[in-house]
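Thanks, everyone. Let's take a quick walk through one structure. Have a look first, then I'll talk.

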Amino acid sequence: MKRTFVELFRAAMNDVDARPYPYQERLAAEGLPELLRVPTGAGKTAAGVLPWLCRRLEHPEAAVRASEARWLVLVLPLRSLVEQTAAVVWEWIANPGLRGVP
């Protein structure tokens, strides 16, 4: 059985009480937009990565999983942001609930 976005989010955060922002849940349900404007500290990294991951691997409809892009590319303006973002995503994937995610 596939996990819901909230379950995947909690696994990534390694926190059973973690709750995504409503806009992040919407992205998991509807897919990523071409442009997403979100203020600092409002979970942009999680909003870009986790809804995509959920739709790609956990969505209950096979057609949605198949239609989601195989690769997610983040373009960031500074090397320091690239390194920070990569570290955060690797940490999420290393958490017990997501360990082994391709």
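One cut-off before we start: buried means under 20% relative accessible area, exposed means over 50%, and partly exposed is whatever falls in between. Keep in mind that this is a predicted model.

Start with Leu74. Where is Leu74 found? In the loop between helix 4 and helix 5. Its relative accessible area is 43%, so Leu74 is partly exposed. Now its partners. Leave aside neighbours within four places in sequence, and Leu74 is in contact with Val49 and Thr85. Take Val49. Leu74 and Val49 are 25 residues apart along the chain. Their C-alpha atoms are separated by 8.9 Å.

Next, the other partner, Thr85. Thr85 sits in helix 5, residues 79-94. Is Thr85 buried or exposed? Thr85 has 11% relative accessibility, so it counts as buried. What does its side chain have for polar company? A polar atom of the Thr85 side chain lies 2.8 Å from the backbone oxygen of Leu81. Further off in sequence, beyond four places, Thr85 touches Thr45, Leu74 and Leu76.

Thr45 and Val49 take us to helix 3, which runs over residues 44-57. That is 14 residues. From first C-alpha to last, helix 3 reaches 20 Å, close to the 20 Å expected at 1.5 Å a residue. How many of its residues are buried? The count is 10 of 14, so helix 3 is mostly covered by the under-20% cut-off. Among the buried ones are Val49, Leu50, Pro51, Trp52 and Leu53. And what covers them? The cover includes helix 1 (5-13), helix 2 (22-30), helix 4 (62-67) and helix 5.

Now the nonpolar packing. The largest nonpolar core has 17 residues. Touching the most other members are Phe5, Leu8, Phe9, Leu50, Leu53, Trp92 and Leu98. Which elements give two or more residues to this core? Helix 1, helix 3 and helix 5. Helix 3 supplies the largest share, 6 residues.

Zoom in on Leu8. Outside its neighbours up to four places away, Leu8 touches Arg3, Leu50, Leu53, Cys54, Glu58 and Leu98. Three of those names, Leu50, Leu53 and Cys54, are also on the list of buried residues in helix 3.

One more item. Apart from the largest core lies another, of 5 residues. Its members include Leu27, Val38, Ala42 and Ala47. Ala47 is a buried residue of helix 3 too.

That's the tour. Questions, please.

Technical notes: Residues are numbered from 1 along each chain as its sequence is written. This is a predicted model: local features need pLDDT of at least 70, side-chain atom pairs count only at pLDDT 80 or more; totals for chains, interfaces and linings use all residues. Side-chain values use heavy atoms; hydrogens and water are left out. Helices (H or I, at least four residues) and strands (E, at least two) are DSSP runs, numbered from the N terminus. Buried means under 20% relative accessible area, exposed over 50%, partly exposed in between (1.4 Å probe, protein chains only). A polar contact is a pair of N or O atoms within 3.5 Å; within protein, one must be able to donate a hydrogen and the other to accept it, and residues adjacent in sequence count only if both atoms are side-chain atoms. Contact means heavy atoms within 4.5 Å. The expected span of a helix is 1.5 Å times one less than its number of residues. A nonpolar core is a set of buried Ala, Val, Leu, Ile, Met, Phe, Trp, Tyr and Cys residues joined through side-chain atoms within 4.5 Å.
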